[in-house]
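Student: Could you take me through this structure, helix by helix and core by core? Short answers suit me.

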Amino acid sequence: MASTAVAAAGIRAKVKQQLARAAGRVPGEGATVLIYHRIGGGTADELDLATADFTAQADLLAELPPGRVVSLDTAADRLDAGLRTPSTVLTFDDGFADTYDTAWPILRERGLPFTVYLASGLVGGPMRWEGSTAKGAPATGLSWEQLREMAATGLCTVANHTRSHARPMLLTTTELDACGDDVEEHLGTRPRHFAYTWGTPVPHMETALRARFRTSATGRVGRNLPGGDPVRLHRVPVRRTDPIDFFRAKLYGRLIPERAYARIVATAKAVGARA
């Protein structure tokens, strides 16, 4: 079973390496919001990046011209001002402890800002929720002390991801406000940004979201340009099997490699393959 998984990962990486050749050489306009989950968790999950790979990505980001990697608020400021300035935003979903243990030292050393979309009810406990596809023992959530330390530097923005990591169909104002209350109680600030669980928009909640947050992020692939709907922010996933050239392609051109890979995965799933 393990050898099969390794072989499949190798195939994915080779496909991505070929697709990366279709990337443009001009920085993508607008805000590119990258999605991370786990770093150095030691699992084979596609959402769990090896520490060495994340370090290589952080090095690449740190070498970009000043003003390219920015906070979510700075990117939103540019969009509100009608600017198509290339901006890269790093986001980490859920609130896994390895965001602090592994990613934080790398980000801090390079001065890279980032956002944690926090499921506040999981802080300090097992990262387990209804509908999770993770296998094996659950990972541990960040502690409030770790979140406080990161936020105090100004590099980390703590955002809302519901209290319980509620399924999209169970999203309520109670879930939103409970998370906001938790963050405000422990960190002294109320979240200004939100990410839908599983990246799935919930149209009937948009009025409530607009009243509470500056942006609400989906899992839909794309860049964000002036005039876009801030309650349906696009993002770009980062996966374990992304070679560094494929990762670089996420920052350039029109996301042709990323979209092509998504089509390949969708086709494979349609015929019953494990992509």
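What follows is a set of questions and answers on helices, packing and cores.

Tutor: Two ground rules come before the questions. This is a predicted model, where local features need pLDDT of at least 70, side-chain atom pairs count only at pLDDT 80 or more, and totals for chains, interfaces and linings use all residues. Residues are numbered from 1 along each chain as its sequence is written, and side-chain values use heavy atoms, with hydrogens and water left out.

Student: What span should helix H6 have, and how far apart are its end C-alpha atoms?

Tutor: Helices (H or I, at least four residues) and strands (E, at least two) are DSSP runs, numbered from the N terminus. The expected span is 1.5 Å times one less than the number of residues. H6 has 15 residues, 173–187, so 21 Å is expected. The end C-alpha atoms agree with that, at 21 Å.

Student: Which elements do the buried residues of H6 pack against?

Tutor: Buried means under 20% relative accessible area, exposed over 50%, and partly exposed in between (1.4 Å probe, protein chains only). In H6 the buried residues include Leu 176, Cys 179 and Val 183. Their partners are strand E5 (114–118), helix H5 (144–152), strand E6 (156–160), strand E7 (193–195) and helix H7 (206–212).

Student: Is Glu 184 buried, exposed or partly exposed?

Tutor: Glu 184 lies in H6. Contact means heavy atoms within 4.5 Å, and beyond four places in sequence Glu 184 touches Thr 189 and Arg 190. Its relative accessibility is 38%, so Glu 184 counts as partly exposed.

Student: How do H5 and H6 pack, roughly parallel or roughly perpendicular?

Tutor: Axes are lines fitted to C-alpha atoms, for helices over the stretch in contact, and angles run from 0 to 180 degrees between N-to-C directions. Under 35 degrees counts as roughly parallel, over 145 as roughly antiparallel, 65 to 115 as roughly perpendicular, and the rest as oblique. The H5 and H6 axes are 10 Å apart, at an angle of about 70 degrees. That makes H5, relative to H6, roughly perpendicular.

Student: Which residues make that contact of H5 with H6?

Tutor: H5 brings Trp 144, Leu 147 and Arg 148. From H6 come Asp 182, Val 183, His 186 and Leu 187.

Student: How do H4 and H5 lie, roughly parallel or roughly perpendicular?

Tutor: The axes of H4 and H5 are 12 Å apart, at an angle of about 10 degrees. H4 and H5 are therefore roughly parallel.

Student: Which residues of H5 meet H4?

Tutor: H4 (98–110) supplies Tyr 100, Asp 101, Trp 104 and Arg 108. The residues from H5 are Gln 146, Glu 149 and Met 150.

Student: Which residues touch the most other members of the largest nonpolar core?

Tutor: A nonpolar core is a set of buried Ala, Val, Leu, Ile, Met, Phe, Trp, Tyr and Cys residues joined through side-chain atoms within 4.5 Å. The largest has 36 residues. Touching the most other members are Tyr 36, Leu 90, Phe 92, Phe 114 and Leu 147.

Student: Which residues does Phe 114 contact?

Tutor: Neighbours within four places in sequence are left aside. That leaves Leu 90, Phe 92, Trp 104, Leu 107, Met 150, Leu 155, Cys 156 and Thr 157.

Student: Which residue follows helix H3 with a positive phi?

Tutor: H3 covers residues 72–80, and its buried residues include Leu 72 and Leu 79. After H3, phi is positive, near 80 degrees, at Gly 82.
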